[in-house]
Amino acid sequence: MWKWLHSYADPQKAYKLSGTLLPWFATLAFLFIGVGSIWGLLFAPVDYQQGDSYRIIFIHVPAASMSMSAYMAMATSAFIGLVWQIKSADWAAAAIAPIGAVVTFIALITGAAWGKPMWGTWWVWDARLTSELVLLFLYLGVISLYASFEDKVLAARAAGILAIVGVINIPIIKYSVEWWNSLHQPATIKITEKSSMAPEMLYPLLINILGFGLMIGAITLIRFRAEILARNGMRPWVRELAKAEGVK
Amino acid sequence: MNKGISFTQAFFTLLKRDLKIAIRHKGDIFNPLLFFILVVTLFPLGIGPEPQVLTRVAPGIIWVAALLASMLSLERLFKADFADGSLEQMLLSPQPLSLMVLAKVLAHWLLTGVPLILVAPLLAVLLHLEANSYGALMATLALGTPVLSLLGAIGVALTVGLRKGGVLLSLLILPLYIPVLIFATSAIDAAGLNLPYSGHLAIIGAMLVGSLILAPFAIGASLRVSTN
């Protein structure tokens with residue numbers, strides 16, 4: 001049943017497939033983030049309590065939710081790489097890690113910028129903020145562990161184990177606002193029930209969340225392709241590719 | 001195939017061996033303990049000797065010092081065995097690797113965690129800890145330090161093959177230590193206010209059970225990567 005999937009473990013095929021997918025992801029990401037941001041920042045109504053400063057939500061929420069999704073994507077790839085020994089999955093995990101770290105950083109910075117006018121402080125040590133900070137440290141740990149091995153096959157496996165161990169933090173971030181009394185507001189977007197947010201604000205937000213996902217996908221594909229080339233530099237197909245590009 | 005000795009025998013043989021080695025190098029036991037005491041001593045000098053201030057920060061100081069001491073002592077958990085090749089023999093032995101690493105981690109905890117628990121009340125006196133927090137302090141340390149050893153061993157196993165693993169190790173395992181720190185210190189704070197703290201203890205206990213079951217596999221897998 002999964003046989004058709006196996007051929008994509010081959011680096012050359014994975015490289016080609018990601019090359020075909022890249023323009024789609026990139027174009028859609030530009031489109032969605034453009035529409036979502038312009039709609040959200042310029043046309044969405046002003047919040048009656050928070051005024052205009054609520055508009056950072058259109059960056060903050062997508063970044064925060066995608067920081068967790070990117071981690072799950074990285075851990076899933078690492079798991080596939082460890083269990084089925086598929087190297088492309090290891091490379092994908094290595095490609096996602098720095099992107100996830102940057103998105104987490106964006107979520108923290110925008111959160112701080114939002115916290116200053118609303119809560120009167122840049123930072124509070126409450127459950128959600130702290131666990132998001134821990135997520136950033138986990139990403140940095142995975143990145144630096146991957147960087148510190150000379151042998152990249154070992155590096156990917158070691159970083160993969162760490163990524164999988166760190167998954168324990170994801171439910172803690174997700175449910176921190178429900179488990180602990182937190183200054184951070186609970187989730188307003190719900191999949192099964194009606195969201196507690198006006199639709200004129202909700203739609204641009206959802207568009208931006210999708211856009212951030214697509215953007216992460218696009219950047220991951222770029223890094224993934226680079227990673228494939230870097231790890232397969234001695235293969236004939238990579239050499240031909242380089243020759244076609246005019247590299248000696 | 002003849003497996004030689006039973007799992008129980010293998011476990012206790014390794015445990016005895018590690019304890020014996022440590023007793024012959026007494027520095028391995030005393031240095032982390034001295035480090036723990038020294039770090040705790042630095043805080044009153046740094047933030048001033050007012051009893052009220054110290055009472056407030058005592059749980060945090062003791063626990064942060066415990067985390068650092070645990071991390072510092074863990075660094076040598078697999079180092080000697082890796083250097084002289086006995087780690088590879090453990091990997092090759094017919095007994096499951098997770099059992100062997102559990103024995104090593106248990107030995108490590110007996111040598112560094114237990115002395116730390118024993119000396120903690122003394123330091124708590126120096127820091128003017130609330131009188132009714134002592135029970136919580138001992139209970140959280142007793143439940144929490146094994147978790148530290150188990151989680152930390154994963155990081156150590158990942159970095160044992162690296163030449164400069166020290167700084168990296170702190171980046172890998174301190175984030176994993178944070179939940180233990182949070183629940184332990186809030187338990188001690190709750191006890192200081194005469195509030196019930198059994199909920200916090202139950203969560204630390206759950207972390208202990210969870211890491212006791214899952215960590216040995218992660219440690220084993222990491223060691224296989226490191227010794228490749």
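**Exercise 1. Transmembrane regions of chain A**

Which residues of chain A does UniProt list as "transmembrane region"? Then work out how much helix two of these spans hold in this predicted model.

*Solution.*
Step 1. Start with the record. The unreviewed UniProt entry lists residues 21–44, 56–84, 91–115, 127–147, 154–173 and 202–224 of chain A under this feature.
Step 2. Take residues 56–84 of chain A. The span is 97% helix and 0% strand. Its end C-alpha atoms lie 42 Å apart.
Step 3. Take residues 202–224 of chain A. Here the chain is 100% helix and 0% strand. The end C-alpha atoms are separated by 32 Å.

**Exercise 2. The fold of chain A**

How many helices and strands does chain A have? Describe the chain as a whole.

*Solution.*
Step 1. Count the elements. Chain A has nine helices and zero strands.
Step 2. Write them in sequence order. The pattern is α-α-α-α-α-α-α-α-α.
Step 3. Box the chain. Along the principal axes, the C-alpha atoms of chain A fill roughly 65 × 40 × 35 Å.
Step 4. Check burial. Of the 248 residues in chain A, 38% are buried.
Step 5. Look at contacts between residues at least 6 apart in the sequence of chain A. Of these, 75% join residues at least 24 apart.

**Exercise 3. Helix H3 of chain A against H8**

At what angle do H3(A) and H8(A) pack? Classify the pair and list the residues in contact.

*Solution.*
Step 1. Locate the helices. H3(A) covers residues 57–84, and H8(A) covers residues 199–231.
Step 2. Read the geometry. The angle is about 45°, and the axes are 9 Å apart.
Step 3. Classify. Angles of 35 to 65 degrees fall outside the parallel and perpendicular classes, so H3(A) is oblique to H8(A).
Step 4. Add the hand. This crossing of H3(A) and H8(A) is right-handed.
Step 5. List the contact. H3(A) brings Ile57(A), Phe58(A), Val61(A), Pro62(A), Ala63(A), Ser65(A), Met66(A), Ser69(A) and Ala70(A). H8(A) brings Pro204(A), Leu205(A), Asn208(A), Ile209(A), Phe212(A), Gly213(A) and Ile216(A).
Step 6. Sort by class. The contact of H3(A) with H8(A) has 12 nonpolar, four polar and no charged residues.

**Exercise 4. Helix H3 of chain A against H6**

Is the crossing of H3(A) and H6(A) left-handed or right-handed? Give the angle and the contact too.

*Solution.*
Step 1. Read the geometry. The axes of H3(A) and H6(A) come within 9 Å and cross at roughly 130°.
Step 2. Classify. That angle makes H3(A) oblique to H6(A).
Step 3. Add the hand. H3(A) passes H6(A) in a left-handed crossing.
Step 4. List the contact. From H3(A) come Met74(A), Ala75(A), Ala78(A), Phe79(A), Gly81(A) and Leu82(A). From H6(A) come Ala156(A), Arg157(A), Gly160(A), Ala163(A) and Ile164(A).
Step 5. Sort by class. The contact of H3(A) with H6(A) holds eight nonpolar, two polar and one charged residues.

**Exercise 5. Where chain A touches chain B**

How many residues does each chain give to the contact? Find the helices of chain A that take part.

*Solution.*
Step 1. Count. Chain A gives 14 residues and chain B gives 14 residues.
Step 2. Find the helices. H5(A), residues 127–148, and H6(A), residues 152–166, each supply at least two residues of the side of chain A that touches chain B.
Step 3. Find the largest share. H5(A) supplies it, with eight residues.
Step 4. Sort by class. The side of chain A that touches chain B has 10 nonpolar, three polar and one charged residues.

**Exercise 6. Positive phi**

Which loops hold Gln85(A) and Asn194(B)? Give phi and exposure for both.

*Solution.*
Step 1. Recall the rule. Most residues other than glycine have a negative phi.
Step 2. Take Gln85(A). It sits in the loop between H3 and H4 of chain A. Its phi is positive, near 55°.
Step 3. Judge its exposure. Gln85(A) has 12 C-beta neighbours inside 10 Å, so it counts as exposed.
Step 4. Take Asn194(B). It lies in the loop between H8 and H9 of chain B. Its phi is positive, about 60°.
Step 5. Judge again. Asn194(B) has 10 C-beta neighbours inside 10 Å, and therefore counts as exposed.

**Exercise 7. A residue in chain B**

Where is Ala142(B) found? Place it in sequence and space.

*Solution.*
Step 1. Name the element. Ala142(B) is in helix H7, residues 134–159, of chain B.
Step 2. Count neighbours. Ala142(B) has 16 C-beta neighbours inside 10 Å, so it counts as partly exposed.
Step 3. Compare with Phe35(B). Ala142(B) and Phe35(B) are 107 residues apart in sequence, and their C-alpha atoms are 19 Å apart.

Note on methods:
Residues are numbered from 1 along each chain as its sequence is written. Chains are lettered from A and ligands numbered from 1 in the order in which they are written. This is a predicted model: local features need pLDDT of at least 70, side-chain atom pairs count only at pLDDT 80 or more; totals for chains, interfaces and linings use all residues. Two residues are in contact if their C-beta atoms, placed from the backbone, lie within 7 Å. Helices (H or I, at least four residues) and strands (E, at least two) are DSSP runs, numbered from the N terminus. Ala, Val, Leu, Ile, Met, Phe, Trp, Tyr, Cys and Pro count as nonpolar, Asp, Glu, Lys and Arg as charged, and the others, Gly among them, as polar. Axes are lines fitted to C-alpha atoms, for helices over the stretch in contact, and angles run from 0 to 180 degrees between N-to-C directions. Angles under 35 degrees count as roughly parallel, over 145 as roughly antiparallel, 65 to 115 as roughly perpendicular and the rest as oblique. A crossing is left-handed if the near helix is turned anticlockwise from the far one by less than a right angle, and right-handed if clockwise. A residue is buried if 20 or more other C-beta atoms lie within 10 Å of its own, exposed if 12 or fewer, and partly exposed in between; C-beta atoms are placed from the backbone. UniProt positions are given in the numbering used here, feature names are shortened, and annotations may be inferred rather than shown by experiment.
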